[in-house]
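Visitor: I would like a close look at one part of this model. Please take me through the pocket, and then show me what else is built around it.

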Amino acid sequence: MRLYMNNESFSQTKTSSKFPLIFLVGMMGSGKSYWCKAIARQLNFEGVDLDAQIEKVYQQSIAAIFNEKGETFFREKEAAELRTFSNKNSVVVATGGGTPCFHDNMLWMNQHGITIWIDEPVHTLAERLLKEKSNRPLVANFENTAALTHFLSKKLAERSCFYGKADIHLKGEQLQIEVMIAAIQSFENK
C-alpha cells in the first residue's frame with residue numbers, strides 16, 4: 001500500500017472532535033506504549049496505556065493482579081476497562097499483548113476505532129523482554145533468550161489470527177512516526 005501525507009487535510013482531520021479512537025495491538029515488547037505516546041504527541045490526542053489504566057484502577061501492578069487473582073480475572077477487567085473508551089474520540093490506546101485475544105476485544109476495537117498491529121520480529125521482542133521481564137507476568141520466569149524466543153514464537157502463532165484483523169499492519173522495519181501518521185490518515189480518508 002502506498003501512503004501519502006497531506007498536511008493540510010490532516011490538520012483539518014486532527015482538530016475534529018469526531019476523530020476515532022486509535023488502538024495499538026501487538027506482542028508484548030513491540031513498543032505499543034512508546035508509539036502510543038509518540039502518536040498522541042504528534043496528533044495532540046490523549047494517549048492511554050491500557051495496562052497502566054488497569055493498574056491505576058486496581059492500585060496493583062499487572063503482575064500482582066495475575067498472581068493474586070489469576071489471568072481470567074485480569075482478562076475480564078481488561079475487557080471492561082477497554083470498553084470505557086466507547087464514547088471517546090481522539091484517543092490513542094496502547095493495549096496489552098493479549099487484549100485482542102479475549103472477550104471479542106479485537107472485534108470491539110475494530111468497531112470503535114482504527115486498529116494498528118505493530119509487528120516486531122520475535123528476536124527483537126526477546127531482547128527487549130529479557131531486560132524488563134520482572135514487569136511481565138507471562139515471561140517473568142524465562143532465564144535465556146532461546147527459551148524466551150521459543151515461547152514468544154508460539155504465543156505469536158496463537159495471537160496472529162487476532163492481530164491480523166487489525167486495520168493497519170506495520171512491520172518493525174516500517175516503524176517511523178511519519179509512516180504511522182500517514183497510515184492512520186490513509187485509513188481515515190477511505
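**The largest pocket and the sheet**

Guide: The lining of the largest pocket is mixed: nine of its residues are nonpolar, 11 are polar and 10 are charged. Keep in mind that this is a predicted model. In total, 30 residues line the largest pocket. Met28, Asp51, Gly96, Asn135 and Arg136 are the ones nearest its centre. Three elements each give two or more residues to this lining: α2 (32–43), α3 (50–58) and α4 (62–82). The largest share is from α4, with six residues. The space inside comes to about 570 Å³. As background, a probe the size of a water molecule, rolled over the atoms, shows where empty space is left.

Stay with α4 for a moment. Glu71 and Arg75 both sit in this helix. They are four residues apart, about one turn of the helix. The two form a salt bridge, and their closest N and O atoms are 3.1 Å apart. Across the whole structure, the search finds five salt bridges.

Now turn to the sheet. Five strands make an open sheet in the order β2-β3-β1-β4-β5, and their pairing is parallel. The edge strands are β2 (46–49) and β5 (168–171), and each of them pairs on one side only. On average, neighbouring strands of this sheet are turned by 20° against each other, direction ignored. In general, strands of a sheet pair through backbone hydrogen bonds, parallel or antiparallel.

Look next at one pair within the sheet. Strand β1 (residues 21–25) and strand β3 (residues 91–94) run parallel, joined by three bridges. Here Leu24 stands opposite Ala94 in β3. Helix α3 packs on the sheet and touches β2 and β3. The direction of α3 makes about 70° with that of β2. That brings us back to the pocket, since α3 is also among the elements that give two or more residues to its lining.

Terms used: Residues numbered from 1 in each chain as written. Predicted model: local features only at pLDDT ≥ 70, side-chain atom pairs only at ≥ 80, totals over all residues. Heavy atoms only, no water. 1 Å grid on protein atoms, 1.4 Å probe; cavity = no way out; pocket = protein on both sides within 12 Å on 5 of 7 lines; lining within 4 Å. Points joined across faces, edges and corners; volume = space filled by probe spheres on them. Nonpolar A, V, L, I, M, F, W, Y, C, P; charged D, E, K, R; others polar. Pairing = 2+ DSSP bridges. Axes fitted to C-alpha atoms, helices over the stretch in contact; angles between N-to-C directions. Contact = heavy atoms within 4.5 Å. Salt bridge = Lys/Arg side-chain N within 4 Å of Asp/Glu carboxyl O.
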